[in-house]
Structure formats: C-alpha cells, structure tokens
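This briefing introduces one structure to a reader who has not seen it before. The sequence and the structure come first, and the notes follow by topic.

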Amino acid sequence: PTVAAVIVAAGSGHRAGGPLPKQYQSLGGETVLACSIAALSQPGVGTLACVIAAGGEALYDEAVAGLPETVARRLLPPTVGGATRQASVRAGLEALAASASPPDLVLVHDAARPFVSAALVDRAINRALAFGAAVPGVPVVDTVKRVDGRGVVVDSPERGALRAVQTPQAFRFAALLDAHRRAAEAGRVDLTDDAAVMEWAGHEVHVFDGEPGNVKLTTAQDMARARAEAEGMLE
Ligand code: CTP
Ligand code: MG
C-alpha cells in the first residue's frame with residue numbers, strides 16, 4: 001500500500017509564545033517542523049504534505065532548506081490551512097486527493113510533536129492496515145473530572161479506561177477524506193483530532209500504544225525543556 005503523511009503546521013503557537021510560531025522555533029539548530037518532517041520520513045512513507053498558515057511560505061522554505069535531499073524530494077508544495085486544526089487537516093487531505101497519486105493510507109501528524117520515533121510511525125502504518133483507523137495513546141496518569149460551567153464535578157470517568165491520544169494518527173485515506181468532507185458539510189467544525197472525525201462518521205477507531213516521549217510542545221515551558229534537551233544531546 002502507498003502511505004502519505006499530512007503534517008499540520010498552520011497554527012499560531014499562541015500558548016508557546018516566542019518571536020515565531022513554535023513550529024518555526026529551533027531545537028538545537030533544527031526547527032521543530034524540520035524535526036517532525038524528518039521523523040515522519042520513514043521508508044514506508046512516500047509523499048509528505050505540509051499545511052502552513054497563509055503568509056508562512058518564507059518561514060516554511062527556511063525550515064525545510066536544511067533537510068536532506070532524500071527527504072526534501074518527497075515534500076509536496078505546502079498547502080495553506082484554515083482557522084482550526086480540523087480545517088488545516090482537511091486542506092492537506094484535499095491536496096493529496098488532487099495530487100497525481102492519492103495514497104492508500106494517510107498519517108496525520110502535528111508539527112508540534114517532533115520527537116515521534118520511527119518505531120511508532122511503523123506501528124501506526126501497521127495498525128491502520130489491520131484496522132482502517134488507528135491512533136496512538138498512553139494511559140492517563142491524573143484522575144480526570146468532567147465539570148459543568150460552574151466548575152462543579154459532574155462525574156469521574158474510570159481512569160483505567162482513559163487514554164491520552166497522540167499523533168501520528170493513521171487511516172485509510174479515502175475513509176478519512178470522506179469523513180472530513182461530511183463533517184464540514186454537516187457543520188461539525190469543533191472536532192479536535194482526526195479520530196473524532198472518524199468517530200463522528202461512524203467508524204471504529206483503534207488505540208495502540210503511543211510513547212511517553214512523543215509529547216506535543218504546547219507551552220513556553222515545553223519549548224524551554226525541549227530546547228535544553230536538544231542542546232544537551234549536541235554536547
Ligand atoms: N494547527 C493547524 N492549523 C490550525 C491550528 C493548529 O495546522 N488552525 C496545527 C498546529 O500547527 C500544531 C497542531 O495543529 O502542529 C496542534 O495544535 P496546537 O498544539 O494547538 O498548536 P497551535 O494551535 O499552533 O498552538 P496554540 O493553540 O497555543 O495557539
Ligand atoms: Mg491550537
């Protein structure tokens with residue numbers, strides 16, 4: 001089967017702060033986006049389609065300039081994303097659909113998760129082949145409460161059944177594209193991951209073991225920690 005990846009990098013990185021959106025900040029000499037692209041660029045993955053913000057072309061070009069030729073030649077020209085992650089993923093999927101050879105499977109990955117391992121990318125592909133829709137998840141360590149508008153606890157879901165999901169999330173391409181088109185058509189524009197889009201469309205989504213190290217860089221503190229680690233590794 002052919003496999004492509006959509007890497008969403010069209011966010012503004014508001015919570016992380018800093019002079020540039022977090023995907024364009026550097027970790028030990030490499031941008032977060034370049035690290036994510038390189039991590040997804042495994043032998044089983046063909047086309048890599050990045051989604052960027054309007055006006056972000058120069059930052060994108062600069063971020064990918066240092067990638068090895070073996071990786072760079074798999075990049076589709078970047079697509080401009082939308083106001084939400086959901087809209088940005090949809091834009092990437094439509095770019096693949098319009099390309100010369102739409103893939104059998106697609107991996108959807110957050111540019112903000114630069115530490116994903118080759119083993120996890122491989123696992124995502126294999127699980128999507130077996131189940132059609134598969135997402136990495138790790139056990140939740142905190143007890144989670146559902147609260148109402150006043151902050152009063154409504155209920156406490158049993159922790160053992162909860163998973164915090166990550167990316168890359170992996171799907172049969174045609175099914176994910178169709179689910180995204182139908183969700184947008186139906187006005188469902190509030191879905192925060194692609195698993196939720198597939199769930200909404202009635203698909204069964206499997207969760208497999210993610211990696212504790214596959215963190216999403218969200219806050220300024222996440223950025224500082226990641227930068228310190230990357231610089232430590234250079235020494
Ligand atoms: N993303 C996107 N398009 C959007 C919003 C988010 O492509 N309209 C991407 C981000 O670039 C990121 C991933 O989705 O790689 C996960 O989103 P998040 O961590 O929330 O990043 P930002 O939205 O950029 O950050 P913030 O919410 O703090 O502004
Ligand atoms: Mg966001």
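**Briefing notes**

Leucine 40 belongs to helix 1, which covers residues 32-40. The model described here is predicted. The points below begin with leucine 40 and the nonpolar core, then turn to two helices, a cis peptide bond, two buried residues and the ligand.

**Leucine 40 and the nonpolar core**

- Leucine 40 counts as buried because 28 other C-beta atoms lie within 10 Å, and the cut-off for a buried residue is 20 or more.
- Between leucine 40 and alanine 4 there are 9.5 Å from C-alpha to C-alpha, although the two are 36 residues apart in sequence.
- With neighbours within four places in sequence left aside, the contacts of leucine 40 are Ala5, Ile7, Val45, Leu48, Leu107, His109, Val121 and Pro168.
- The largest nonpolar core has 60 residues. Val6, Ile7, Val106 and Leu107 are those with the most contacts inside this core.
- Leucine 107 is in contact with Val3, Ala5, Leu40, Val45, Val121, Ala124, Pro168 and Ala170, again leaving aside neighbours within four places in sequence.

**Helix 5**

- Helix 5 runs over residues 118-131. At 1.5 Å a residue, its 14 residues should span 20 Å, and the end C-alpha atoms are 20 Å apart, so the two values agree.
- Which residues of helix 5 are buried? They are Leu120, Val121, Ala124, Ile125 and Ala128.
- These buried residues are on the same side of helix 5, because they cover an arc of only 140° around the axis.
- An α-helix has 3.6 residues a turn, so residues three or four places apart point the same way.
- Ala119 and Ala130 are exposed residues on the face of helix 5 turned away from its buried side.
- The cover over the buried residues of helix 5 includes strand 1, helix 1, strand 6, strand 7 (133-139) and strand 11.
- Glycine 132 comes just after helix 5 and has a positive phi of about 85°.

**Helix 6**

- Helix 6 consists of 13 residues, 173-185. The span expected at 1.5 Å a residue is 18 Å, which agrees with the 18 Å between its end C-alpha atoms.
- Phe173, Leu176, Ala179, His180 and Ala183 are buried in helix 6.
- The arc that they cover around the axis is only 135°, so they are on the same side of helix 6.
- Helix 4, strand 6 (105-110), strand 11 (169-172) and helix 7 (194-200) are what the buried residues of helix 6 pack against.
- Glycine 187 follows helix 6 and has a positive phi, near 80°.

**Proline 168 and its peptide bond**

- Proline 168 sits in the loop between strand 10 (163-165) and strand 11.
- The peptide bond that leads from threonine 167 to proline 168 is cis, and its omega is near 10°.
- Proline 168 is among the contacts of leucine 40 and also among those of leucine 107.

**Glutamine 169 and alanine 195**

- Glutamine 169 is part of strand 11, and alanine 195 is part of helix 7.
- Is glutamine 169 buried or exposed? Glutamine 169 is buried, because 29 other C-beta atoms lie within 10 Å.
- Alanine 195 is also buried, with 22 other C-beta atoms within 10 Å.
- Valine 135 is 34 residues from glutamine 169 in sequence, and their C-alpha atoms are 4.5 Å apart. From valine 135 to alanine 195, 60 residues apart along the chain, the C-alpha separation is 7.1 Å.
- Residues up to four places away not counted, glutamine 169 touches Val108, Val135, Asp193, Asp194 and Ala195. On that basis alanine 195 touches Val135, Val165, Gln169 and Val205.

**Ligand 1 and alanine 10**

- The shell around ligand 1 has 22 residues, of which Val8, Ala10, Gly11, His14 and Arg15 come nearest.
- Strand 1 (3-9) and helix 4 (85-97) are the elements that give two or more residues to this shell.
- By type, the shell residues are eight nonpolar, ten polar and four charged.
- Alanine 10 is located in the loop between strand 1 and strand 2 (26-27).
- Alanine 10 is buried, because 26 other C-beta atoms lie within 10 Å.
- Alanine 54 is 44 residues from alanine 10 in sequence, with 7.9 Å between their C-alpha atoms.
- Not counting residues up to four places away in sequence, alanine 10 touches Val51, Ile52, Ala53, Gly81 and Ser88.

Notes:
Residues are numbered from 1 along each chain as its sequence is written. Chains are lettered from A and ligands numbered from 1 in the order in which they are written. This is a predicted model: local features need pLDDT of at least 70, side-chain atom pairs count only at pLDDT 80 or more; totals for chains, interfaces and linings use all residues. A residue is near a molecule or strand if its C-beta atom, placed from the backbone, lies within 6 Å of it. Helices (H or I, at least four residues) and strands (E, at least two) are DSSP runs, numbered from the N terminus. Ala, Val, Leu, Ile, Met, Phe, Trp, Tyr, Cys and Pro count as nonpolar, Asp, Glu, Lys and Arg as charged, and the others, Gly among them, as polar. A residue is buried if 20 or more other C-beta atoms lie within 10 Å of its own, exposed if 12 or fewer, and partly exposed in between; C-beta atoms are placed from the backbone. Two residues are in contact if their C-beta atoms, placed from the backbone, lie within 7 Å. The expected span of a helix is 1.5 Å times one less than its number of residues. The arc is that of the directions from the helix axis to the C-beta atoms. A nonpolar core is a set of buried Ala, Val, Leu, Ile, Met, Phe, Trp, Tyr and Cys residues joined through C-beta atoms within 7 Å.
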